[in-house]
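The exercises below are meant to be worked through with the sequence and the 3D view side by side. Try each task before reading its solution.

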Amino acid sequence: MDATSKKIPSKKWVGNTFSMSIALGSSAISVSYLSYAFTDLAKIPLGPTGIINFIGTALGIVMSFTIGMAMTKTISRFGQCRPYLFFGYIATTLGCFVLYSSGLFNGEIARIAAATIGLVVMMMANSVRIAAMYGLERI
């Protein structure tokens, strides 16, 4: 029997599916709330909002490939993917905090900088979390 035809136990399959739905659902909620957070809460004009979204998405895509390569070489007592999953959730939380509190800064440049940093951290951490979730399903 080769590795591709290995049957996954039902408990592991249900747990991984539930965890994956939570990871993808939290990403969708965070991203769908972005336009409101940028334009209404942080009072950032639409032009910089589009640039911020582009930067965050582009770096998130690059991060998913980088983490995928790093995960294949990771050896730890917690497994190959779990450390990335754990630190991905922590980084996502910190990124969301900075992003959604960017409206508290004085000055438009400070708000744009905080929103950019928060979004980049959040998108990169989301890529790490999702790559780790797919890695857990693979194992």
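**Exercise 1.** In this predicted model, decide whether cysteine 96 is buried or exposed, do likewise for cysteine 81, and then state how many disulfides the structure holds.

*Solution.* Begin with cysteine 96, whose relative accessibility is 17%, so that it counts as buried, because the cut-off for buried is under 20% relative accessible area. Go on to cysteine 81, which at 1% relative accessibility also counts as buried. Finally, look for disulfides: the structure holds zero of them.

**Exercise 2.** Find the residues of the largest nonpolar core, and say which element gives the largest share of this core.

*Solution.* First collect the members, which number twelve and include Leu34, Phe38, Ala42, Ile52, Cys96, Leu99, Ala115 and Met123. Next, assign them to elements: those giving two or more residues to this core are α2 (34–41), α4 (82–100) and α5 (108–138). The largest share, five residues, comes from α5. Apart from this core lies another, of nine residues, with Ile67, Met71, Leu85 and Ala132 among them.

**Exercise 3.** Work out where serine 102 lies, whether serine 102 is buried or exposed, and which residues serine 102 touches beyond four places away in sequence.

*Solution.* Start with the location, which is the loop between α4 and α5. Although in a loop, serine 102 has a relative accessible area of 1% and is therefore buried. A polar atom of the serine 102 side chain lies 2.8 Å from the backbone oxygen of leucine 99. Leaving aside residues up to four places away in sequence, serine 102 touches Ala42, Arg111, Ala114 and Ala115. Seen from the other side, and with the same neighbours left aside, alanine 42 touches Ala37, Ser102, Gly103 and Arg111.

**Exercise 4.** Check whether the end-to-end distance of helix α3 agrees or disagrees with its expected span, and list the buried residues of α3.

*Solution.* Helix α3 covers residues 46–72, which is 27 residues, and at 1.5 Å a residue these should span 39 Å. The end C-alpha atoms of α3 are 40 Å apart, which agrees. The buried residues of α3 are Thr49, Ile52, Gly56, Gly60, Met63, Ile67 and Met71.

**Exercise 5.** Count the aromatic pairs, and describe how phenylalanine 86 and phenylalanine 87 are arranged.

*Solution.* The count comes to one aromatic pair. The rings of phenylalanine 86 and phenylalanine 87 lie 5.1 Å apart, centre to centre, with 75 degrees between the planes, and the pair is edge-to-face. Both phenylalanine 86 and phenylalanine 87 are exposed.

How values were computed
Residues numbered from 1 in each chain as written. Predicted model: local features only at pLDDT ≥ 70, side-chain atom pairs only at ≥ 80, totals over all residues. Heavy atoms only, no water. Core = buried A, V, L, I, M, F, W, Y, C linked by side-chain atoms within 4.5 Å. Buried < 20%, exposed > 50% of the residue type's maximum accessible area, 1.4 Å probe, protein only. Helix = DSSP H or I, 4+ residues; strand = E, 2+ residues; numbered from the N terminus. Contact = heavy atoms within 4.5 Å. Phe/Tyr/Trp six-rings, centres within 6.5 Å; stacked < 30°, edge-to-face > 60°. Polar contact = N/O pair within 3.5 Å; in protein donor to acceptor, adjacent residues only side chain to side chain. Expected span 1.5 Å × (residues − 1). Disulfide = S-S within 2.5 Å.
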